[in-house]
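Visitor: I am new to this structure and would like a close look at a single part of it. Please take me through one place where two helices meet, along with the loop that joins them and the charged pairs around it.

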Amino acid sequence: MVSHLSDFGISKLLGEDESDLYTKTLATLGYIAPEYGEDGLVSTKCDVCSYGIMLLETFTRRKPSEFEGDLSLKQWVSYSLPDAVMDVADSNLVPLMDNHLNKKLDCVASIMKVALDCCVKSPGRRTNMKDVVGIHNQDCVTSRFNFSHVEHALGDSCSK
């Protein structure tokens, strides 16, 4: 499974005066919001959910399709936070011998928490993108760590 550009920006289907609509448009399983996959309901919250999944995938280096049965990428990360971040974080991102290990783990845990908030099943309970950007900047701006191999996903929010 590979996420596609078409999985993001689904809310562009909405008209200027619409807050949601129903459609039969297809997207990549694992990256789409539950309400879109189950009911075809499109809203800006669908993009928020896709972004959350993409963040989880980026920071764990695991794809949603790698999980079977009742366990999902979201559940796996959720069960590991906050105490076992090292168990789910990409080992290339946070090496065990890093001088700033605890601070980096705190930053990664914060990002994963935001990602999970983006993936909440109920669209009404999901965070919005304005808050996501603010949280990323607030939590990681003081860290000043080099996450250059994930900056393509976050812009420069963790390296400022």
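Guide: What follows goes through the contact of two helices, then the loop between them, then the salt bridges.

The model is predicted. The two helices are H2, residues 44-60, and H3, residues 73-80. They pack at an angle of about 65°, and their axes lie 10 Å apart. The crossing of H2 past H3 is left-handed. On the H2 side, the residues that take part are Ile53, Leu56, Glu57 and Thr60. On the H3 side, they meet Leu73, Lys74, Trp76 and Val77. By kind, the residues of this contact divide into five nonpolar, one polar and two charged.

The loop between H2 and H3 contains Phe67. Phe67 has a relative accessibility of 12%, which is under the 20% limit, so Phe67 counts as buried. Apart from neighbours within four places in sequence, Phe67 is in contact with Arg62, Ser72, Leu73 and Trp76. Of these, Leu73 and Trp76 are also among the H3 residues that meet H2.

Now the charged pairs. Side chains of opposite charge can pair when their charged atoms come close. Glu57, one of the H2 residues in the helix contact, forms a salt bridge with Lys63. The closest N and O atoms of Glu57 and Lys63 are 3.4 Å apart. Glu57 is buried because its relative accessible area is 14%, under the 20% limit. Lys63, at 32% relative accessibility, counts as partly exposed.

Arg62, one of the residues in contact with Phe67, forms a salt bridge with Glu66. Here the closest N and O atoms are 2.5 Å apart. Arg62 is partly exposed, with a relative accessible area of 26%. Glu66 is partly exposed as well, with a relative accessible area of 40%.

Across the whole structure, a search finds five salt bridges. One of them, away from the helix pair just described, is formed by Glu35 and Arg126, whose closest N and O atoms are 2.7 Å apart. That pair links distant parts of the chain, 91 residues apart. Glu35 belongs to helix H1, residues 34-39, while Arg126 is in the loop between helix H5 (101-118) and helix H6 (129-140). Glu35 is buried, with a relative accessible area of 7%, and Arg126 also counts as buried, at 3% relative accessibility.

Terms used: Residues are numbered from 1 along each chain as its sequence is written. This is a predicted model: local features need pLDDT of at least 70, side-chain atom pairs count only at pLDDT 80 or more; totals for chains, interfaces and linings use all residues. Side-chain values use heavy atoms; hydrogens and water are left out. Axes are lines fitted to C-alpha atoms, for helices over the stretch in contact, and angles run from 0 to 180 degrees between N-to-C directions. Helices (H or I, at least four residues) and strands (E, at least two) are DSSP runs, numbered from the N terminus. A crossing is left-handed if the near helix is turned anticlockwise from the far one by less than a right angle, and right-handed if clockwise. Contact means heavy atoms within 4.5 Å. Ala, Val, Leu, Ile, Met, Phe, Trp, Tyr, Cys and Pro count as nonpolar, Asp, Glu, Lys and Arg as charged, and the others, Gly among them, as polar. Buried means under 20% relative accessible area, exposed over 50%, partly exposed in between (1.4 Å probe, protein chains only). A salt bridge is a side-chain nitrogen of Lys or Arg within 4 Å of a carboxyl oxygen of Asp or Glu.
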